[in-house]
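Hi everyone, thanks for coming. I'd like to walk you through one structure today, so please have a look at the screen.

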Amino acid sequence: MKRCIAAILALLLCLCPAGLASAEREEMSASARTTLEGSSYAKLNNIELAASSLNGITVPQGATFSFNDIVGPRTAAYGYQRAANGRGARVTGGGVAQCATTLYLALQQLDADVEYLSRKTYGSKFTDNYVSSGSDAIMVDYSSGSDFSFINYDDDMRIEMWTTENYLYCAITLEPVVNKDEDADDFLEWLPSAPLQSRLEIVASASIRLSDDENLRNNVSLAADSINDTVLSPGDLFSFNDTVGPRSERYGYKSAVNGRGAKVTGGGVAQVASALWLAVKHLDCVAVVEKSTYGSRYNQDYVASSNDAILTDYANGTDFSFRNTGSQPLTISTRVSGDTLHCTIYRG
């Protein structure tokens, strides 16, 4: 009987090896990191913006990945600042190439089956410290079309990228492609001829460096989590107070310094409103309905101008609100990464 079962299994392996192999394959992953030691505030800002665009991206089997398509323009309008690039020149968006380099190093660790379409390095011009060899330092430039791109011939590829106080990390996971239905097969047949695009377009972003006060970071994180992934359809009104809710101990808020230096329960939450204001204030598709600032009472340093220090107070009804006047939905992303609060606005 056992011999009969073994013979049947052997026959099945011969008849459908691909299906069984796919079913037995497990996820594979690898990671890489590059140092952030000596990076300026502006460079860290640029790296964190680019990393947030790449984090969570999936490159399906057969698709083309383009760094420039995913990250988009590195301009002041998108929150990027002037910083030194890989050859020491100060440019808007300087430091972003470190994200492309860390992604490349992770791909090398994984030994993924990819075909590089564009992979230019700084070579002998490399003067930074995040990799030891200029031949590994990928160079990208959106304005000139210098891209880092590849076709993924391996399993579906999930990319994660984040920063800590000292390092930029990239982790890549290959997820086996199994049990694809006909629609999925048709989709994969189409992919090789089309570049992978982000579903949403980044239209604005801003970031604020947080102090090391744990209570303040707690409050900022709670408020950011409440707002994160809010979608505004055309005509919708965003209300900071309605979205975040009461800033009380019952909801986990702690006593911390606010924008005028007073310690209050929920102190620091207005920094989230300020980051959101910095992101949307130049958008033609946003109309501000209510906005108050600390004005001359502002004595902190998380924004450069008191005109950008938004004041909110749930108990007294002081709100920050605006309306989506455009023809497409807007998605608000607010998150804390390391010691930085990020706000990104997507359209589509």
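I'll begin with the whole chain, then take the sheet, the cores and a few single residues.

A word on the source before that: this is a predicted model, where local features need pLDDT of at least 70, side-chain atom pairs count only at pLDDT 80 or more, and totals for chains, interfaces and linings use all residues. Residues are numbered from 1 along each chain as its sequence is written, and side-chain values use heavy atoms, with hydrogens and water left out.

So, the overview. The protein chain has 9 helices and 18 strands; these are DSSP runs numbered from the N terminus, with helices (H or I) of at least four residues and strands (E) of at least two. Of its 348 residues, 48% are buried, where buried means under 20% relative accessible area, exposed over 50%, and partly exposed in between, with a 1.4 Å probe and protein chains only. Taking contacts with a separation of 6 or more, 72% are between residues 24 or more positions apart; a contact means heavy atoms within 4.5 Å.

Now to the sheet. Four strands make an open sheet in the order E1-E9-E8-E2, with antiparallel pairing; two strands pair if DSSP finds at least two bridges between them. At the edges are E1 (28-35) and E2 (58-59), each pairing on one side only. E2 is joined to E8 (residues 156-163) by 2 bridges, and Thr58 stands opposite Arg158 in E8. Helix H3 (residues 41-54) packs on the sheet, touching E8 and E9 (167-175), and its direction makes about 155° with that of E8. Helix H5 (residues 97-110) also packs on the sheet, touching E1, E8 and E9, at about 140° to the direction of E1. For those angles, axes are lines fitted to C-alpha atoms, for helices over the stretch in contact, and angles run from 0 to 180 degrees between N-to-C directions.

Next, the cores. A nonpolar core here is a set of buried Ala, Val, Leu, Ile, Met, Phe, Trp, Tyr and Cys residues joined through side-chain atoms within 4.5 Å. The largest one has 49 residues, and Phe65, Phe67, Cys99, Leu103, Phe148 and Met157 touch the most other members. Which helix gives the most to this core? That is H5, with 9 residues. Leaving out residues up to four places away in sequence, Phe148 touches a dozen-strong list of partners, including Phe65, Phe67, Leu103, Tyr116 and Ile138. Apart from this core lies another, of 42 residues, among them Ala204, Ala223, Val280 and Phe320.

Let me finish with three single residues. Asn258 sits in the loop between E13 (255-257) and E14 (263-265). Is Asn258 buried or exposed? Asn258 is buried, because its relative accessible area is 10%. Its side chain reaches the backbone nitrogen of Arg260 at 3.1 Å. Beyond four places in sequence, Asn258 touches Val264, Gly267, Gly268, Tyr294 and Gln300.

Tyr294 comes back with Ala309, which lies in the loop between E15 (286-290) and E16 (321-324). Ala309 counts as buried because its relative accessibility is 0%. Ala309 and Tyr294 are 15 residues apart in sequence, and 5.9 Å apart from C-alpha to C-alpha.

Last is Thr344, in strand E18 (residues 340-347). With 5% relative accessibility, Thr344 is buried too. Setting aside neighbours within four places, Thr344 is in contact with residues including Ile202, Ala204 and Thr331.

Key
Polar contact = N/O pair within 3.5 Å; in protein donor to acceptor, adjacent residues only side chain to side chain.
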